[in-house]
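Me: I have a structure open and want to go through its helix packing and charge pairs. Can you take my questions as they come?

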Amino acid sequence: MKGNRAKGKSKESRDINLALDNIKAQIIKHYQRISDREAFVTAEMVRNAYQGIGTEYETLLRAFDKENEAFAKRVGKDRSLSTYQKYLTVRKYLAEFIKVNYKRTDIAMNELTEDFIRDYCLYLRNEVGLAQSSVWIYSIPLKHFVTTAHYNGKIARNPFAQYKVDPDHKERGFLTEDELQAFTTVELNNPDLELARDCIRKCERTRMQEVEQSRGRKQV
């Protein structure tokens, strides 16, 4: 072989070179087809197309649009309008993130990594200005979508498998003694509400005692 060509003029050499020319022509054809549809082309995209893997090559935003389109048809039946609007917002944030960080209009599904998820969450917090709890809320639809894509075989691995978004729940403060006393003296005409009030008061006092005991152990 020389220059990826078989040497000689034998029938075997001619057959090999003809097959190589055919492979090259197919690769060029797949490359041109993908470049006509996508904003970018990777070697893996061309290889997969040549091998017949994912002949309709899927990108994140395109797949997300399909998901949202199907979701919209279920609004008012078994899906809520508010959830649908949240999915649209996530799609908007993803498009902005991809444009800023990758200088693209879309990204291939199998290019999704833990770094992509991490950088997306940082973008929501630092650039969009969302609180950590909101970052968590707007990462859930993406996690659901990506996990489903992995389950259905659209991507080889799930980038969320090794990355967890912290909702950052805050520990609420205690009611003061005055507040507890005021809470206790409120007149209620409903026995169920009185029972609920007494349970809340009891739980609050118990929680205060447990925290005080915990603080005392730490100081010892």
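Reply: What follows goes through the fold, some helix contacts and some salt bridges of this predicted model.

Me: Start with the overall picture. How many helices and strands are there?

Reply: The protein has 8 helices and 0 strands. Read from the N terminus, the order is α-α-α-α-α-α-α-α.

Me: And what share of the residues is buried?

Reply: Of the 220 residues in the protein, 27% are buried.

Me: What about contacts far apart in sequence, what fraction join residues at least 24 apart?

Reply: That fraction is 55%, counted among contacts between residues at least 6 apart in sequence.

Me: OK, helix 4 and helix 5. How do their axes sit relative to each other?

Reply: The axes of helix 4 (residues 81-102) and helix 5 (residues 114-128) come within 10 Å and cross at roughly 100°. Helix 4 is therefore roughly perpendicular to helix 5.

Me: Which residues make that contact?

Reply: From helix 4 they are Val90, Tyr93, Leu94, Glu96, Phe97, Ile98, Val100, Asn101 and Tyr102. Helix 5 brings Phe116, Asp119, Tyr120, Tyr123, Leu124 and Val128.

Me: How does that split into nonpolar, polar and charged?

Reply: The contact of helix 4 with helix 5 has 12 nonpolar residues, 1 polar and 2 charged.

Me: Stay on helix 4. How far does it reach, and what would be expected?

Reply: Helix 4 has 22 residues and spans 31 Å from first C-alpha to last, close to the 32 Å expected at 1.5 Å a residue.

Me: Which of its residues are buried, and what do they pack against?

Reply: Tyr84, Tyr87, Val90, Tyr93, Leu94, Phe97 and Ile98 are the buried residues of helix 4. They pack against helix 3 (60-72), helix 5 and helix 6 (132-151).

Me: Leucine 81 is in there too. Buried or exposed?

Reply: Neither. Leucine 81 lies in helix 4, and because its relative accessibility is 48%, leucine 81 counts as partly exposed. Its C-alpha is 9.6 Å from that of phenylalanine 71, with the two residues 10 apart in sequence.

Me: What comes after helix 4?

Reply: Lysine 103 follows helix 4, and its phi is positive, near 55°.

Me: Same questions for helix 5: how many residues, and what span?

Reply: Helix 5 has 15 residues and reaches 20 Å from its first C-alpha to its last. The expected value at 1.5 Å a residue is 21 Å, so the span is close to it.

Me: Which residues of helix 5 are buried, and what covers them?

Reply: Glu114, Phe116, Ile117, Tyr120, Cys121, Tyr123 and Leu124 are buried in helix 5. Their cover includes helix 3, helix 4 and helix 6.

Me: And what follows helix 5?

Reply: Glycine 129 follows helix 5, with a positive phi near 85°.

Me: Change of topic. How many salt bridges are there?

Reply: The structure holds 7 salt bridges. One of them joins arginine 118 and aspartate 115, at 2.8 Å from N to O.

Me: Where do arginine 118 and aspartate 115 sit?

Reply: Both are in helix 5, 3 residues apart, about one turn of the helix. Residues three or four places apart point the same way because an α-helix has 3.6 residues a turn.

Me: How accessible are those two?

Reply: Arginine 118 is partly exposed at 31% relative accessibility. Aspartate 115 is also partly exposed, at 48%.

Me: What is the N to O distance for arginine 104 and glutamate 111?

Reply: The salt bridge between arginine 104 and glutamate 111 has an N to O distance of 3.1 Å. Arginine 104 is partly exposed, with a relative accessible area of 21%. Buried means under 20%, so arginine 104 falls outside that class. Glutamate 111 is partly exposed at 24%.

Me: Which residues form a salt-bridge network?

Reply: Arg74, Asp78 and Arg79 are linked in one. Within it, the side chains of aspartate 78 and arginine 79 meet at 3.8 Å, N to O. Aspartate 78 is partly exposed at 44% relative accessibility, and arginine 79 is partly exposed at 33%.

Me: Last one. How do helix 3 and helix 6 cross?

Reply: Their axes come within 11 Å and cross at roughly 100°, so helix 3 and helix 6 are roughly perpendicular to each other. Leu60, Ala63, Phe64 and Glu67 of helix 3 meet Leu142, His144 and Phe145 of helix 6. By class, that contact has 5 nonpolar, 1 polar and 1 charged residues.

Terms used:
Residues are numbered from 1 along each chain as its sequence is written. This is a predicted model: local features need pLDDT of at least 70, side-chain atom pairs count only at pLDDT 80 or more; totals for chains, interfaces and linings use all residues. Side-chain values use heavy atoms; hydrogens and water are left out. Axes are lines fitted to C-alpha atoms, for helices over the stretch in contact, and angles run from 0 to 180 degrees between N-to-C directions. Helices (H or I, at least four residues) and strands (E, at least two) are DSSP runs, numbered from the N terminus. Angles under 35 degrees count as roughly parallel, over 145 as roughly antiparallel, 65 to 115 as roughly perpendicular and the rest as oblique. Contact means heavy atoms within 4.5 Å. Ala, Val, Leu, Ile, Met, Phe, Trp, Tyr, Cys and Pro count as nonpolar, Asp, Glu, Lys and Arg as charged, and the others, Gly among them, as polar. A salt bridge is a side-chain nitrogen of Lys or Arg within 4 Å of a carboxyl oxygen of Asp or Glu. Buried means under 20% relative accessible area, exposed over 50%, partly exposed in between (1.4 Å probe, protein chains only).
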